[in-house]
Each structure stands twice: as structure tokens, then as C-alpha cells.
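Here is a short briefing to read alongside your viewer. Take a look at the structure first, then work through the points below.

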Amino acid sequence: MTVAIENASARAIAAGIKPRRYGSWYVAEHRIRGFRSYYKTLLFTAVGSPFMYLFALGVGLATLVDRQNALGGTSYLVFVAPALIASAAVTAAVEECTYPILMGFKWNPIFFGMNAAPISGAQIVNGIFIAVLARLLPTTLIYYLVMLVFGAVPSPLGVLDIPIAILTGMAFGLVIASYIATVEQDVGQPAFIQRFIVIPLFLFSGTFFPLTQMPIFLRWIGWISPLWHGTELGRVVSYGAVEPGWLTLVHVLYPIGLCVYGWRRTQVVVARRLNK
Amino acid sequence: MPSPVIAAKLLTKKYKGFAAVDGISFEVEPGESFGLLGPNGAGKSTTMRMVGAVSTRTSGSLQILGLDPNEHGPEIRSQLGVVPQQDNLDMDLRVRDNLIVYGRYFGISTSACAAKADELLEFAQLSDRRKSKVDDLSGGMKRRLTIARSLMNDPKVLLLDEPTTGLDPQARHILWDRLFRLKEQGTTLLLTTHYMDEAEQLCDRIVVVDKGTIMAEGSPADLIRTYSTREVLELRFGSDNNATVATQMFGIGDRVEVLPDRILIYSNDGDGDLDRIHANGFTPVTSLVRRSSLEDVFLRLTGRSLIE
Amino acid sequence: MSANSDLAPMHPVRPVRKPRAGGIGSLYAGNSRSVIARGLLATRSSSWLIVLSGFFEPVFYLLSLGIGLGALVGSVSTSTGQPVSYAAFIAPALLAVSAMNGAIFDSTWNVFFKMQYARLYEAMLATSLGPLDVALGEIFLALLRGAVYATGFLIVMQVLGLNRSWTAILALPAVLLIAFGFASLGMAITSYMKTFQQMDWINFVMLPMFLFSATFYPLSVYPQAIQWLIQVLPLWHGVELVRGLTTGALSVAMIGHVLYYVVMIAVGLVFTTRRLRALFLD
């Protein structure tokens with residue numbers, strides 16, 4: 001009768017093929033289904049916030065900055081737009097990399113359910129990150145279109161602001177995800193990250209004024225911030241800001257490095273937590 | 001003899017030196033309904049997670065459907081249905097969507113998932129709640145939805161961790177009825193429980209677990225025959241007197257156990273022994289003769305109650 | 001704190017008014033202080049870093065925009081035409097914004113969570129407390145927290161030399177007035193909310209108000225029609241009031257700003273009370 005068990009083993013092996021191959025996509029599909037319950041908010045934010053920020057900073061505040069001609073001929077609108085699109089991507093990515101992971105282990109512990117099905121911890125992480133991409137793509141695309149409406153992108157290369165912003169958002173989000181995945185007791189870490197990491201990096205990453213305005217001993221805040229790298233890269237493509245070639249390379253490689261680190265690290269942490 | 005669906009040998013799981021599961025061995029045959037009976041903290045849930053191929057064993061060997069979970073986790077899980085102790089339904093999705101999304105994890109097409117979901121909602125008596133939010137379901141309904149979810153992939157083996165803990169008696173009976181149907185259809189069941197009535201209702205064979213080790217194994221009837229008497233005489237003399245009176249019960253029954261609120265006398269003739277006690281001049285406040293249960297087996301094996 | 005539970009039941013310090021049927025009495029037992037005592041205990045057990053973080057947010061904005069961006073901007077005119085440094089221009093606005101944010105957070109998300117999820121109010125209302133005790137207690141807690149943050153921020157402004165007049169000291173009561181206004185309005189709105197998705201809409205109102213209420217640049221940038229629109233919204237009045245006090249650019253219009261908040265507080269409390277009665281008593 002060992003034939004019966006061999007049949008059972010063979011059936012199991014066959015049934016394992018699809019989940020092993022496509023498991024990450026099933027998780028992403030699940031997350032994206034979850035977006036449906038709040039798509040109105042997502043859409044409103046994605047459309048409303050570029051108009052508001054570009055108008056407030058690129059038009060309103062710009063009247064104060066441009067009368068000084070402080071940026072050497074570049075209008076403040078054009079200067080600030082790449083920072084704003086990258087910041088929008090960071091905001092959305094951090095949100096999608098924080099709550100779904102915190103919830104998935106604790107308040108709505110669906111990760112354990114996924115893992116009891118043939119999905120591995122690494123696939124769960126992949127799926128969540130695919131869903132983050134799925135949210136960043138329309139967010140940055142809409143942002144870019146609104147930038148065009150405002151006339152904030154002089155160069156046709158500026159369309160690269162979209163992938164650059166997505167890369168910046170992912171770099172930020174994935175590193176935060178790797179920390180959030182370790183949080184077992186929620187005592188306000190998300191608020192802490194928001195106030196002591198996201199906001200300071202948003203404010204001091206050469207976003208609203210060139211990093212060189214800051215004293216040299218504070219510039220490291222920009223150097224470690226993916227937002228500074230993303231913003232500077234965005235400025236190169238959108239209006240041809242001048243910088244040494246090696247620095248442009250750093251602006252590309254550093255966020256990619258953070259993505260790889262955050263992605264791998266989150267996979268390890270999630271797999272470890274599921275394997276109790 | 002058919003080869004076992006689950007075969008565990010000296011299965012061990014240690015957490016920082018503490019052995020939650022300490023060298024247990026058992027086999028489960030196809031179509032069998034097998035129970036792990038023991039108090040909270042006995043290592044039942046850890047065993048279930050190892051069998052469910054989500055927790056790596058520290059040592060020993062384990063084969064499920066002839067495969068080792070260390071190499072073939074996803075393959076094994078594709079053949080299992082899992083009902084965890086705590087429901088982990090997705091609160092953000094509605095009832096029917098919970099089933100569809102879960103089915104997708106096994107690589108089942110969306111249309112096949114939809115058809116299967118409707119069939120299982122019928123089975124779980126939740127058809128009229130298909131569009132409800134999960135949060136709005138009662139505890140019993142959530143449990144039935146979790147069971148329906150675990151059946152999305154037509155599992156060969158169903159793992160149920162404390163399936164009816166926390167449910168009211170009516171909800172438990174509905175659930176037992178559903179599980180019994182699955183058993184009739186030939187699904188292998190592995191369940192943990194600390195309710196002896198549940199074990200007696202659902203299990204063909206039981207292992208009694210305590211502190212990570214197996215204390216005894218057999219069918220419910222076998223275990224009662226081996227480790228207890230046919231009947232139990234329960235006597236209450238008042239909380240302050242039970243212990244004193246118990247010492248004076250010479251020669252009555254096989255064995256006497258003193259609990260805080262009552263004395264248990266294990267006997268093959270409960271009524272006869274009760275008459276003898278009366279004849280000896282003792283007058284209990286209340287007395288009761290009942291059949292032995294797995295609770296008595298557990299008390300005998302460990303000296304402790306199942307539910308503490 | 002005179003939390004009643006600490007006292008021997010034989011010696012009540014103050015007689016607690018029993019709720020009367022009808023009128024405000026059925027909503028108010030005159031015992032908000034027990035709600036406050038509970039809130040303070042809860043704060044003590046929460047992470048002090050999180051509580052402290054609320055203070056840093058406006059300071060970060062001030063350092064980045066006021067000093068970093070300020071170097072590009074130079075000086076700016078207040079609504080009375082007085083030129084001030086950019087940092088001195090936005091600092092009072094950030095103070096008003098942080099009062100708004102704190103009060104709105106405490107009276108919306110926080111209250112909503114306690115109402116819908118933690119079921120805290122249900123437990124409180126099962127005692128002799130009325131809904132208005134709870135509402136006033138929560139508002140007081142929000143104000144207390146706001147006062148601590150505002151004091152800290154005013155000290156930072158003083159150190160950076162951004163308080164241009166002795167009237168800056170009056171910014172503290174002004175901030176509390178602003179916070180009270182937003183808290184009472186926020187609570188009224190929250191009492192109508194049913195889901196977290198609806199709560200998101202509050203952010204959609206807050207963001208443009210934050211960006212456009214003469215916070216980062218003078219109102220004169222806009223065409224007249226937009227100026228009027230912004231002048232209808234509450235934050236602009238708060239920004240102008242605090243800015244007048246810290247820069248010393250005083251004007252009669254400031255009396256109008258104060259009156260705006262007094263009316264806002266009254267309207268908020270009336271609606272909150274009416275709504276609480278409908279939710280908990282009818």
C-alpha cells in the first residue's frame with residue numbers, strides 16, 4: 001500500500017509548482033483587492049495633493065523666493081517639483097510599508113493564514129512590495145502630469161522623474177519595512193518613525209532649499225537620505241541641474257542598494273517570525 | 001497496512017533550551033481522526049505548527065504524505081487545510097472574498113475559487129452572509145468560515161487547533177456536525193483539544209500530551225478501560241471536610257482522588273459503593289454516579305485536571 | 001488631581017451633581033475631572049518619546065523652512081506691512097498649525113478610536129458620568145498637551161530671537177483659544193463619523209488649510225476672491241492672531257480673530273452636546 005502514499009507525495013509535488021512560482025503575485029493580488037475598500041481616499045490624495053503642494057510652494061512661496069533670484073536663474077517651481085514628486089512617493093511607500101506589515105502580524109494576522117497555505121514568508125514580503133509598486137505607479141504618474149500642467153518640467157527627460165520617484169519611495173519604504181517587521185509590541189513606533197525619521201528627512205534633504213544652505217556638519221542628513229539622492233537625480237533629468245557624473249551614479253546606486261538591503265532583510269525577518 | 005499520512009518520530013521543538021515538544025512519536029493513518037488531548041501549554045499547538053510545515057523542528061523526524069516539511073513545505077501545505085486556534089480571517093475583506101483570496105494561494109483560478117467558495121459557504125451554512133463584513137459575524141460563524149477557508153484546496157488532511165474553544169454549546173454542536181461529515185467523506189483529521197467531550201465525539205484515536213511528551217495512546221474507550229474504572233462516584237462533603245473524609249474511605253473503590261470541591265471514587269460498581277458508604281455512616285451533601293471519561297484518564301496520568 | 005477613586009467614599013470632597021432628566025443635566029454630571037485623571041494616567045503609561053515627538057515636529061519645520069529656506073527668501077511683510085525675517089514670519093504660523101493639528105488629532109482620531117474600537121466611552125457612560133463630562137474632559141486633556149507643546153515652542157522662538165515684542169507672551173492663551181476652537185469643532189464632526197474612511201476626509205480639509213492660510217507666504221500673493229475664501233477658514237484667523245502677537249504687529253482685526261474662535265467654540269460645543277444626546281441617550 002505504499003503506492004497510495006507515493007501517489008499522495010506526487011500529487012503534493014505537482015500542487016506545489018504554481019504556489020512556488022506565482023505565490024508573490026497571489027499576495028500582491030490580495031493586497032490590491034484590499035485597496036478597493038479605500039480607493040476613493042487613495043485617488044483623492046493622488047490627484048489633490050500634487051495640485052495643492054505645487055500651488056502652495058511652486059506658485060505661492062515661489063513669489064518670495066524668485067524675487068531674490070536665489071537659485072541662479074532656476075525658478076523655484078522647477079527647483080521644488082522633483083522634490084515634491086519624490087516626497088509624495090516616499091509618503092505613499094512608507095504608509096504601505098508600515099501598516100500592512102504591522103497589521104499582518106498582529107491586528108489582522110493574515111500572514112499566518114497565507115503561510116499556512118503554500119506561501120512562504122519571502123513571497124509574502126515580495127507580494128506586499130509589489131503592491132507598494134502598484135500604488136506608487138499611478139501616484140507618481142498623476143503627480144508628473146500635474147507637474148506638466150504647472151509647467152514645472154522644462155526638459156523632456158523629465159519623464160524619468162516617475163521611475164526616480166518610485167525608486168526613492170521604494171528605498172525609503174523597504175528599509176522602514178525591514179524595521180517594522182521586527183516590531184512585536186506596537187507602542188507607537190509608526191508615529192515615531194513618522195516624526196523623527198520621515199519628517200526630518202523630508203525637511204532637511206535639500207528638498208525646499210539646496211543642501212549647501214545647511215552647515216557642513218548637518219549635510220550628512222541629506223547624504224544618508226534616499227530623498228536627497230532621488231531629488232537631486234530628479235533635478236538632473238527635469239531641468240539639467242549640473243553635478244559631477246560620479247555623483248549622479250551615486251544617486252542611482254545608493255537607493256538601489258537600500259532597496260536590496262530592505263527587501264532581503266524584510267524577507268529574513270518575516271520568515272523568522274512566521275517560523276515560531 | 002496502509003502507510004501513514006503523518007509519521008512523527010521523536011519529534012522535538014526547543015525554544016531557547018526549553019522543550020515545548022519533547023520527543024513525541026505518533027502515526028496517523030489515512031481517513032483517521034486523530035486527537036492530541038492535553039491542557040494549555042502541553043505543546044499541542046507547537047506540534048500542529050510543525051505538522052502544518054510552518055515551524056521547523058529542532059530534532060526528530062517528520063513525514064507528511066511521505067514528504068519532509070524541511071524540504072517540501074509548500075508542497076505539503078498545498079495538501080493541508082489548517083484551522084488555527086485564533087481565527088486569522090482578513091477583516092478588510094468580505095466573507096466570500098476571504099475564501100476566494102485564500103483559494104488563490106493554492107494556485108486555483110479565480111473562477112474555480114468563486115465556484116468553490118459558494119459551495120463551501122453552503123456547507124458552512126453561511127450562504128446568506130456572503131457579503132457580510134467578517135467583523136459582523138458571531139464567533140461560531142467566524143469559526144465555520146475559517147473551516148470553509150481551510151477546505152478551499154480540497155485538503156487531504158485537516159489540522160484543527162482547538163476548533164471549538166470559546167464557542168457556546170449550540171455553536172459547538174453545529175461545528176462537530178460539519179466536521180463529522182468531513183470525516184465521513186474520508187478526510188484525515190488531526191485535532192487538538194482540551195475538551196474531553198470533543199475528543200470523544202470526533203476522535204478515533206487519541207494521544208494524551210502533557211509537558212511536551214506523550215503520556216498514553218489509544219481509542220477513547222481503550223484509554224478509559226486502561227487508565228480508569230467503569231464508573232466514578234462523585235461525593236461532596238463540603239469544601240472543608242472533603243480531605244478528612246477521603247482518608248476514611250478504606251477498601252471502597254479502586255482509587256480515591258481528592259479535588260478541592262469533591263472526592264472522586266473510581267469504582268466498577270458505583271451504586272454498590274455508595275450504599276456501602278452510607279452503611280458506614282457517612283452522609284455526603286450530594287452524590288453522583290457517572291461513567292468514566294477522558295478527564296479521569298488525564299487526572300490519573302498527570303495528577304492534574306485538564307481545564308485549570 | 002482629585003480623582004474620586006483615591007478618596008475614602010465616606011468623605012466626598014465635592015458633591016457630584018446627579019444627572020437630571022432633560023436639559024443639560026442629563027448630559028453633564030459635573031465630573032469631567034475623573035475623565036481627566038484617567039487621561040493623565042494613560043499618558044503616563046504611554047511612551048514618553050512619542051509624547052515628546054509632538055513638540056519636535058514644528059521645531060523641525062521652523063529650522064528647515066525658517067532658517068534654511070529663509071536664507072533664500074529674505075524678509076517678508078506682515079499683514080500690517082511690517083517687515084520681519086522669514087523665520088519670524090512662519091514661526092507663529094507653525095505655532096498655530098501645531099495647535100490645530102494637536103487639537104484635531106486629539107478630538108477626531110483619538111476620540112473616534114476610543115468611541116468605535118476601544119469602547120472606552122461606553123464604559124465611562126455606564127457610570128454616573130454624562131457624555132458632556134467625557135467631551136469636556138477630553139478637550140481639557142487636548143488643551144493641556146497643546147499648552148505644554150506651545151510653551152516649548154515659544155521658548156525655542158525666544159532663543160532664536162523670533163519673538164519681536166513682549167506681546168509674544170499672549171500667544172500662549174491665544175494658542176489655547178485656537179486649540180479649544182478646533183477641538184470642539186473636531187469633536188462635533190467626529191460624533192457624526194462612522195468609519196475610518198470617513199475620517200480620512202478630515203485630512204483633506206486640513207492639508208489645504210495648512211498650506212494656504214498665509215502660513216508660508218502673505219495672503220497678498222492670491223487674487224482677491226481666493227483671499228476672501230481663505231479668510232473664511234479658521235486657520236487663517238489663528239495664524240494672523242498669533243503672528244500679530246509674536247511680531248508685535250498689533251491691529252484691531254485681532255479682536256475679530258478672537259471673536260471668530262469664541263463663536264467656533266460655542267458652535268462646536270452646541271453640536272457636540274446635541275449629537276452626544278442623540279447617540280447615547282435617545
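In this predicted model, helix 5 of chain B has a run of buried residues that makes a good starting point: Arg143(B), Arg144(B), Leu145(B), Thr146(B), Ile147(B), Ala148(B), Arg149(B) and Ser150(B). From there, the points move on to the domains of chain B, a sheet in the same chain, and the contact between chains A and C.

**Helix 5 of chain B**
- What covers these buried residues? The cover includes two strands of chain B, strand 5 (80-83) and strand 6 (157-161), together with helix 3 (95-104), helix 4 (110-123) and helix 6.
- The helix itself covers residues 139-150, and at 1.5 Å a residue its 12 residues should span 16 Å; the end C-alpha atoms are 17 Å apart, which agrees.

**Domains of chain B**
- The domain assignment splits chain B into domain 1 (1-79 + 156-219), domain 2 (87-153) and domain 3 (229-291).
- Between the C-alpha centres of domain 1 and domain 2 of chain B there are 23 Å.
- Where these two domains meet, 9 residues of domain 1 of chain B are in contact with 10 residues of domain 2 of chain B.
- Which element gives the largest share of the domain 1 side? That is helix 6 (residues 169-184) of chain B, with 4 residues.
- Sorted by class, the domain 1 side that touches domain 2 of chain B has 6 nonpolar, 2 polar and 1 charged residues.

**A sheet in chain B**
- An open sheet of 3 strands has the order 2-1-4 in chain B, with antiparallel pairing.
- Strand 2 (18-28) and strand 4 (59-64) of chain B each have a single partner strand and stand at the edges, so one side of each has no neighbour in the sheet.
- From one strand to the next, the twist averages 25 degrees.
- How many bridges join strand 1 (residues 6-15) of chain B to strand 4 of chain B? There are 5, and the two strands run antiparallel.
- For a spot to check in your viewer, Ala7(B) stands opposite Gln63(B) in strand 4 of chain B.

**Chain A against chain C**
- Across this interface, 28 residues of chain A are in contact with 27 residues of chain C.
- On the chain A side, helix 2 (39-66) and helix 7 (189-203) are the elements that give two or more residues.
- Helix 2 of chain A supplies the largest share of that side, 11 residues.
- The class make-up of the chain A side is 19 nonpolar, 8 polar and 1 charged residues.

Definitions and conventions: Residues numbered from 1 in each chain as written. Chains lettered and ligands numbered in written order. Predicted model: local features only at pLDDT ≥ 70, side-chain atom pairs only at ≥ 80, totals over all residues. Contact = placed C-beta atoms within 7 Å. Nonpolar A, V, L, I, M, F, W, Y, C, P; charged D, E, K, R; others polar. Domains from an automatic or database assignment. Pairing = 2+ DSSP bridges. Axes fitted to C-alpha atoms, helices over the stretch in contact; angles between N-to-C directions. Expected span 1.5 Å × (residues − 1). Buried ≥ 20, exposed ≤ 12 C-beta atoms within 10 Å, placed from the backbone.
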